[in-house]
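Trainee: Could you take me through one part of this model up close? I'd like to hear about the empty space inside and what sits around it.

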Amino acid sequence: MSEQHVHESHPEIAKRLKRAEGHLRSVVEMIVAGRPCLDIAQQLHAVERAVSEAKRSLIRDHLDHCLDHAAGETGAERRAAMEAFKQITKYL
């Protein structure tokens with residue numbers, strides 16, 4: 001298991017995701033209620049964008065924090081930080 005990472009942006013990201021979670025529940029209710037597909041698609045697009053923005057914020061913050069931290073590390077620690085950088089970029 002990896003070590004715990006907590007950054008200043010995490011509470012705001014969690015707040016955004018909780019809003020998106022509530023919005024997604026509303027979309028499910030729209031489907032159950034038989035709302036028009038166009039309305040549902042628009043709302044799903046909004047949820048998708050909210051989650052995507054939360055992901056981008058998380059990755060940017062991680063990269064900023066971890067790369068700054070890695071700059072002062074030893075060779076082995078720097079290599080580990082670069083490997084983590086490579087792994088997270090696949091989610092961009």
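Mentor: Sure, let's start with that space: the largest cavity holds about 40 Å³. Keep in mind as we go that we're looking at a predicted model. If you count cavities of 30 Å³ or more, you get one. How do you find a space like that? Rolling a probe the size of a water molecule over the atoms shows where empty space is left.

Now for the walls. His62, Leu63, Cys66, Leu67, Ala81, Ala84 and Phe85 line the largest cavity. Two elements each give two or more residues to that lining, namely helix 2 and helix 3, which covers 75-89. Helix 2 gives the most, with four residues.

Let's zoom in on one of the lining residues, His62. You'll find His62 in helix 2, which spans residues 37-70. Is His62 buried or exposed? His62 counts as buried because its relative accessible area is 15%, and buried means under 20%. As for its company, once you skip neighbours within four places in sequence, His62 is in contact with His7, Leu67 and Ile88. Leu67 is also one of the residues lining the cavity.

For contrast, hop over to the surface. Leu24, Val28, Val32 and Leu44 make a nonpolar patch of about 350 Å² there. Helix 1, residues 10-33, supplies the largest share of the patch, three residues. Take Val28, which lies in helix 1: with a relative accessible area of 45%, Val28 is partly exposed. So His62 is buried, whereas Val28 is partly exposed.

Note on methods
Residues numbered from 1 in each chain as written. Predicted model: local features only at pLDDT ≥ 70, side-chain atom pairs only at ≥ 80, totals over all residues. Heavy atoms only, no water. Patch = residues over 30% accessible without salt bridge, like charges linked within 9 Å, V, L, I, M, F, W, Y side chains within 5 Å. Areas by Shrake-Rupley, 256 points an atom, 1.4 Å probe, with all protein chains shown as cover. Salt bridge = Lys/Arg side-chain N within 4 Å of Asp/Glu carboxyl O. Buried < 20%, exposed > 50% of the residue type's maximum accessible area, 1.4 Å probe, protein only. Contact = heavy atoms within 4.5 Å. 1 Å grid on protein atoms, 1.4 Å probe; cavity = no way out; pocket = protein on both sides within 12 Å on 5 of 7 lines; lining within 4 Å. Points joined across faces, edges and corners; volume = space filled by probe spheres on them.
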